[in-house]
Amino acid sequence: MLELLQILIQIIQPFLVPICFVLAWGFVILIVWSIGAAMRDTMQRAKQMHQIPCADCMFFTGNYHLKCPVQPKIALSEAAINCPDYSSRNQTLTL
């Protein structure tokens, strides 16, 4: 049994270094790929979250209990991106 194992190790030994080399670099490439994908997803998510107009709306109160009296369920969420009641805080009122 021990002789069979020794013969098997001698047969595989010339291939161990290239196999370990390829596996190590494959692992490094996989890690870099995963980090890149995570950064790309984070940037896309941040870009989408910056489209939420609530903080610049004149109805936004900033109150912890009631952030928006007009649309309280969608305030500061992705559903508020195209809010029909949005009115800019910088807008001047004309009478």
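User: How far apart do the C-alpha centres of domain 1 and domain 2 lie, and which residues belong to each domain?

Analyst: In this predicted model, the C-alpha centres of domain 1 and domain 2 lie 46 Å apart, where domain 1 covers residues 1-51 and domain 2 covers residues 54-85.

User: What is the chain like over residues 15-39?

Analyst: UniProt, in an unreviewed entry, lists residues 15-39 as "transmembrane region", and over these residues the model is 100% helix and 0% strand, with the end C-alpha atoms 36 Å apart.

User: Why is cysteine 54 called buried?

Analyst: Buried means under 20% relative accessible area, and cysteine 54 has 11% relative accessibility, so cysteine 54 counts as buried. Cysteine 68, with a relative accessible area of 10%, is therefore buried by that cut-off too.

User: How do you know that cysteine 54 and cysteine 68 have no bond between their sulfurs?

Analyst: A disulfide needs two cysteine sulfur atoms within 2.5 Å, but the closest cysteine sulfur to that of cysteine 54 is in cysteine 68, at 6.4 Å, which is too far for a bond. For cysteine 68, the closest cysteine sulfur is in cysteine 57, and because these two are 5.8 Å apart, they are also too far from each other for a bond. A search of the whole structure accordingly finds zero disulfides.

User: What makes up the lining of the largest cavity?

Analyst: The largest cavity, with a volume of about 110 Å³, is lined by 13 residues, and Cys54, Cys57, Cys68, Ala80 and Cys83 lie nearest its centre. By class, this lining has eleven nonpolar residues, one polar and one charged.

Conventions: Residues are numbered from 1 along each chain as its sequence is written. This is a predicted model: local features need pLDDT of at least 70, side-chain atom pairs count only at pLDDT 80 or more; totals for chains, interfaces and linings use all residues. Side-chain values use heavy atoms; hydrogens and water are left out. UniProt positions are given in the numbering used here, feature names are shortened, and annotations may be inferred rather than shown by experiment. Helices (H or I, at least four residues) and strands (E, at least two) are DSSP runs, numbered from the N terminus. Domain bounds come from an automatic or database domain assignment. On a 1 Å grid over the protein atoms alone, a cavity is a set of points where a 1.4 Å probe fits but cannot get out, and a pocket is an open set with protein on both sides within 12 Å along at least five of seven lines; lining residues have an atom within 4 Å of a point. Grid points are joined across faces, edges and corners, and a volume is the space filled by probe spheres set on the points. Ala, Val, Leu, Ile, Met, Phe, Trp, Tyr, Cys and Pro count as nonpolar, Asp, Glu, Lys and Arg as charged, and the others, Gly among them, as polar. Buried means under 20% relative accessible area, exposed over 50%, partly exposed in between (1.4 Å probe, protein chains only).
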